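Work through the exercises below with the sequence and the 3D view at hand. Try each task before reading its solution.

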Amino acid sequence: MIVDYVRLEMVRLLRDPGYLVLSLVSPLTMYLVFTSLDLTGRPGPQGAAYSMVGMAGFGAVGAVMGNGVSIAEDKRLGWIRQLRLLPLRPFEAVAGRTLCAMAVTVPPIVSVCLAGALVNGVSLSVGQWASVLVLLWVGIAPMAVLGIGLGYLLTGQQAQMAGLVCYMGLSLLGGLWAPITRFPGWLERVATATPLNRYGELSWRVIGGDAPAPAGCLILVGWAALFAVFAAYAYRRSARTV
């Protein structure tokens, strides 16, 4: 059943190419601007590689937050009520929408990484490229679940505002725009506990020649579990309001 549900949602998603194009253009443009202005404070290819991961992640976050808004709109239009007729458990519904949201992150991730290689000369081994792409895709799951929870819990306008706050605020605080080493000491410590800093760290360590840190992975998994509980709660709560 969950496979059929994912297929159904993907068909509906692909009928709105404007959403996909927007999720691609914004991070790609920002990446080219950031590297031309050298906002990372890191020299040449090193700064380009850092920004590549950050802006690919930024694009992925924007895509999954936008998915939350679409869920809120579906709720208003009665689509969620129709889904209640399917034998889907809350976990299956959340998991299905998570997979759909993660699928939308592929274009911005790939496009920014291509720009890094072709425009800014980012040079990685085949294994590093593969690891970066996979980690950027898999690691966005916690934020995808958060966006889904916001969509089920809030109205369309509220979900858009909440998604924008998470999108911009957590991206900036997490170091996707600029290294957190530029932050004041206390703010840097706060940043290391955020999901997007640990998300970016997965790939930043890979481009630096290291494996992802176990502590960072555990923190990211912890956020994923917390957001999953929130999304399941929001899904059940929406059942009483649609």
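The exercises go from the whole chain to helix pairs and then to single residues.

This is a predicted model, in which local features need pLDDT of at least 70, side-chain atom pairs count only at pLDDT 80 or more, and totals for chains, interfaces and linings use all residues. Residues are numbered from 1 along each chain as its sequence is written, and side-chain values use heavy atoms, with hydrogens and water left out.

**Exercise 1. Describe the chain as a whole.**

Step 1. Count the elements: the chain has twelve helices and zero strands. Helices (H or I, at least four residues) and strands (E, at least two) are DSSP runs, numbered from the N terminus.

Step 2. Look at burial. Of the 242 residues, 48% count as buried; buried means under 20% relative accessible area, exposed over 50%, and partly exposed in between, with a 1.4 Å probe and protein chains only.

Step 3. Look at contacts, meaning heavy atoms within 4.5 Å. Among contacts between residues at least 6 apart in sequence, 79% join residues at least 24 apart.

**Exercise 2. Compare the span of helix α6 with the expected one, and list its buried residues.**

Step 1. Helix α6 covers residues 106–118, which is 13 residues.

Step 2. From first C-alpha to last, α6 reaches 18 Å, close to the 18 Å expected at 1.5 Å a residue. The expected span is 1.5 Å times one less than the number of residues.

Step 3. The buried residues in α6 are P108, I109, S111, V112, C113, A115 and G116.

**Exercise 3. Describe how α12 packs against α8 and against α11.**

Step 1. Two packed helices are described by the angle between their axes and the distance between the axes. Axes are lines fitted to C-alpha atoms, for helices over the stretch in contact, and angles run from 0 to 180 degrees between N-to-C directions.

Step 2. The axes of α8 (residues 141–153) and α12 (residues 214–238) come within 8 Å and cross at roughly 20 degrees. The two helices are therefore roughly parallel; angles under 35 degrees count as roughly parallel, over 145 as roughly antiparallel, 65 to 115 as roughly perpendicular and the rest as oblique.

Step 3. The residues of this contact divide into 17 nonpolar, two polar and one charged. Ala, Val, Leu, Ile, Met, Phe, Trp, Tyr, Cys and Pro count as nonpolar, Asp, Glu, Lys and Arg as charged, and the others, Gly among them, as polar.

Step 4. Helix α11 (residues 195–207) packs on α12 at an angle of about 135 degrees, with the axes 9 Å apart. This pair is therefore oblique.

Step 5. P195, R198, Y199, E201 and L202 of α11 meet G216, C217, I219, L220, W223 and F227 of α12. By class there are eight nonpolar, one polar and two charged residues.

**Exercise 4. Describe the packing of α7 on α11, then find the contacts of I207.**

Step 1. The axes of α7 (residues 126–138) and α11 come within 9 Å and cross at roughly 180 degrees. That makes α7 roughly antiparallel to α11.

Step 2. The contact has seven nonpolar, three polar and no charged residues.

Step 3. I207 lies in α11. Leaving aside residues up to four places away in sequence, I207 touches A49, Y50, V53, L124, Q128 and V132.

Step 4. I207 and Q128 are 79 residues apart in sequence, yet 6.5 Å apart in space, C-alpha to C-alpha.

**Exercise 5. Is D74 buried or exposed?**

Step 1. Locate D74 in helix α3 (residues 44–77).

Step 2. D74 has a relative accessible area of 7%, so D74 is buried.
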